[in-house]
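Trainee: Could you take one part of this model and walk me through it closely, starting from a single side chain and working outwards? I would like to see how the pieces around it fit together.

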Amino acid sequence: MKTKKLALACITTITTLLTSTTTAQAQQPATPSAQAHIANSNANTIDEWTRDLHLGDTCPNNVTVYIPPSGSSTLLSNPLIPHFGGVHQQVTMNDYPTNIVLTLPYNALWTTGLITYNESRNSGIQSANKALNAIHSQCPGARIHLYGYSEGGDVGAHVVESISRGRGPIPKRVLGSAVFQGNPVRSTVGTHSAGSAQEGRGLFTPAKYGDQAEKVMEVCGVMDVVCNTSNIAPNLYYLYEDYISNSAPLRGKFSLREAIRRATPEIVLRSGVEVPRSVVGWIVHSTQYYTLSRDARDAGENFIQAHFA
C-alpha cells in the first residue's frame with residue numbers, strides 16, 4: 001500500500017511539473033524590417049501566413065524560424081509576434097535583407113491536458129514543414145535556419161532528421177543551421193554543443209541528424225531536466241516516458257492502473273529521491289537561458305549568424 005501511495009505521489013508530481021511550465025505568449029510588436037517585407041502580417045493560420053509571405057519580391061538572404069516551447073504557441077499565433085524567449089532573437093537577429101526572424105505558429109497547448117504531447121509535437125512538425133516549404137518556394141535562394149526551445153527543439157530536431165534523409169520540406173543545401181535549446185531529444189552525435197551539460201540524453205529518444213549533424217548546435221545546461229534527464233531524474237521519467245508523451249488527462253487518455261503496475265518498490269524509491277532535483281531542473285529549464293546562462297543562448301545565435309549566406 002505504501003508503495004502504491006508513493007507511486008501515486010510520483011505520478012502526480014510528474015504531471016504537476018509538466019503542466020506548470022505553461023507560459024503566456026508575449027505581445028511583442030513586430031520589427032519594422034519584418035513588417036516592411038512580409039505582406040499580410042495579420043494572417044493568423046499557418047496556411048494563410050505561408051501563402052501570403054510574398055517573399056519572392058523582396059527576398060532576404062536568410063530566414064530564421066523560431067519554434068516556441070510548450071504552452072506558448074497556437075495555430076492562430078502571429079509569426080511576427082515572438083514568444084518571450086524569442087524576443088531576443090527578434091531584436092538582435094532581424095537585419096533585413098541579411099536575415100528576418102519568424103516565429104512558428106503551432107498547437108503547443110498539450111499542457112491544457114486536452115491533447116497529448118505527441119499530438120502537439122506533430123502539429124509543430126506539420127506547421128514547420130508547411131512554413132519551410134513556403135519560404136523556400138517563394139525565396140529559393142534564401143538560406144533557412146531553425147532555433148527551437150524545449151518542445152520547439154523537439155519539433156525542429158524531427159524536421160532536421162527528415163531533411164537529412166532527403167524527405168524534408170527543403171533540400172539539404174537550403175538548411176543553413178539549427179540551434180536547439182533545452183531539447184528533450186538532444187543528440188551529442190556529431191553536433192556542436194553550448195552550455196554546461198556534457199554527455200547524456202533528454203526526456204525522449206535522441207534525434208538522429210545524419211549528415212546534417214554538423215549544422216546543429218545543442219544548447220543544454222547541466223541542471224536542465226528536459227535536455228539532461230539521464231543525469232538528473234532518469235527513474236522519475238523514463239519509466240513513464242510513453243505516459244508523458246501520450247497522455248491527455250482531460251480527454252481520459254491516461255491509465256493510472258497501468259502506471260502503478262509498472263512501479264516496482266525500487267523504482268518508486270529512486271524516483272522519490274529524484275523529485276527535488278527534478279523540481280530544480282524544471283526551474284532551470286524555464287529560466288536559465290535568459291538569466292544565468294545567457295552566454296549559452298548567445299552562442300546559439302552566433303552559431304546561426306556564422307552560417308548566414
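Mentor: Let us begin with F180, which, once its neighbours within four places in sequence are set aside, is in contact with L146, G148, G153, G156, A157, V160, Y209, V216, M217, E218 and V219. Please keep in mind throughout that this is a predicted model.

Several of those names return when we turn to the largest nonpolar core, which has 46 residues, and in which V65, L132, L146, V160, F180, Y209 and Y237 touch the most other members. At least two residues of this core are supplied by each of β1 (62–67), β2 (99–103), α5 (117–138), β3 (143–149), α6 (151–164), β4 (175–181), α7 (234–238) and α10 (265–287). Among the contributors, α5 gives the largest share, namely six residues. Apart from this core lies another one, of 18 residues, and its members include Y66, V179, V219 and C220. As a general background to such groupings, nonpolar side chains in soluble globular proteins tend to be buried together.

The strand β4 deserves attention in its own right, since it is mostly covered, with seven of its seven residues buried. β4 pairs with β3 in the parallel sense over six bridges, and within that pairing Y147 has V179 in β4 as its bridge partner. Between these two strands the chain passes from β3 through α6 to β4, a β-α-β crossover that is right-handed. β4 also pairs with strand β6 (residues 216–219), again in the parallel sense, over four bridges, and here the bridge partner of A178 is V216 in β6. In general, the side chains of a regular strand alternate between the two faces of the sheet. It is worth setting beside this that F180 is among the residues touching the most other members of the 46-residue core, whereas V179 belongs to the other core, of 18 residues.

The helix α5 can be followed through one of its residues, R121. R121 is buried, with a relative accessible area of 14%, which is under the 20% cut-off for that term. Leaving out residues up to four places away in sequence, R121 touches E151, D154, V155 and H158.

A loop offers a further case: A248 is found between α8 (241–246) and α9 (256–262), and A248 is buried, with a relative accessible area of 0%. Not counting residues up to four places away in sequence, A248 touches G113, L114, I115, T116 and K253. The C-alpha atoms of A248 and W110 are separated by 7.5 Å, although the two residues are 138 residues apart along the chain.

For a helix with two unlike faces, consider α11 (residues 294–306), whose 13 residues reach 18 Å from the first C-alpha to the last, close to the 18 Å expected at 1.5 Å a residue. Its buried residues are A296, R297, G300, E301, F303 and I304, and because they cover an arc of only 155° around the axis, they lie on the same side of α11. The face turned away from that buried side carries the exposed residues D295 and A306.

Finally, to place these parts in the whole chain, its secondary structure comes to 11 helices and six strands, and 55% of its 309 residues count as buried. Of the contacts in the chain with a separation of 6 or more, 79% are accounted for by residues 24 or more positions apart.

Conventions. Residues numbered from 1 in each chain as written. Predicted model: local features only at pLDDT ≥ 70, side-chain atom pairs only at ≥ 80, totals over all residues. Heavy atoms only, no water. Core = buried A, V, L, I, M, F, W, Y, C linked by side-chain atoms within 4.5 Å. Buried < 20%, exposed > 50% of the residue type's maximum accessible area, 1.4 Å probe, protein only. Contact = heavy atoms within 4.5 Å. Pairing = 2+ DSSP bridges. Right-handed = clockwise from strand over helix to strand, strands pointing away. Expected span 1.5 Å × (residues − 1). Arc of directions from axis to C-beta.
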